Structures are given as C-alpha cells and as structure tokens.
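Here is a short report on one chain. Look over the fold before reading on.

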Amino acid sequence: MLEYGGSDKSIFIQMPTALSIPMNCTKYNWKYMPLPEPGQTSTSLPMP
C-alpha cells in the first residue's frame with residue numbers, strides 16, 4: 001500500500017488524542033473500501 005496525501009503538520013495529526021477528528025474528516029479519510037479477499041466470509045473492511 002502506498003501512502004498518499006498532504007503534509008502531516010496539522011495539530012489533529014500530531015496529537016494522538018485527536019485521532020477521531022481526522023478519521024471522520026474527508027480531508028484525511030477518503031473512506032476507501034477495498035474488495036473482499038478470496039475466502040473472506042464478511043464484507044469488505046474499511047481502510048481509513
């Protein structure tokens with residue numbers, strides 16, 4: 001997997017207790033949903 005995006009200078013990225021903010025913001029989380037793996041019984045797992 002390649003990492004893509006802008007700078008990590010944001011206070012929300014630097015402060016571990018603020019993890020929920022970038023995880024729920026489309027600027028940082030593009031809501032990518034991969035295809036299910038062969039043999040996987042459930043739906044795709046989100047990859048924020």
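The text below goes from the whole chain to single residues.

**Overall picture**

This is a predicted model. The chain has 48 residues, and 12% of them count as buried. Its secondary structure consists of 2 helices and 0 strands. The accessible surface of the chain is about 4600 Å². Carbon and sulfur atoms account for 64% of that surface.

**Helix H1 and the nonpolar patch**

Helix H1 spans residues 11–14 and contains phenylalanine 12. The relative accessible area of phenylalanine 12 is 33%. Buried ends under 20% and exposed begins over 50%, so phenylalanine 12 counts as partly exposed. Phe12 also helps to make a nonpolar surface patch. Its partners there are Ile11, Met15 and Ile21. The patch covers about 340 Å².

**The segment after H2**

Helix H2 covers 20–23, and threonine 43 sits in the segment after this helix. Methionine 47 is also placed in the segment after H2. How accessible is threonine 43? Its relative accessibility is 63%, so threonine 43 counts as exposed. Methionine 47 reaches 36% and counts as partly exposed.

Each of these two residues has a C-alpha distance to a residue earlier in the numbering, as tabulated here.

| Residue pair | Separation along the chain | C-alpha distance |
|---|---|---|
| Threonine 43 and methionine 33 | 10 residues | 9.8 Å |
| Methionine 47 and asparagine 29 | 18 residues | 8.8 Å |

**In brief**

Phenylalanine 12 in H1 joins a four-residue nonpolar patch made with Ile11, Met15 and Ile21. After H2, threonine 43 is exposed, while methionine 47 is partly exposed.

How values were computed: Residues are numbered from 1 along each chain as its sequence is written. This is a predicted model: local features need pLDDT of at least 70, side-chain atom pairs count only at pLDDT 80 or more; totals for chains, interfaces and linings use all residues. Side-chain values use heavy atoms; hydrogens and water are left out. Patches are made of residues with over 30% relative accessible area and no salt bridge: like charges are joined within 9 Å, nonpolar side chains (Val, Leu, Ile, Met, Phe, Trp, Tyr) within 5 Å. Accessible areas come from the Shrake-Rupley method with a 1.4 Å probe; for residues, only the protein chains shown count as cover. A salt bridge is a side-chain nitrogen of Lys or Arg within 4 Å of a carboxyl oxygen of Asp or Glu. Buried means under 20% relative accessible area, exposed over 50%, partly exposed in between (1.4 Å probe, protein chains only).
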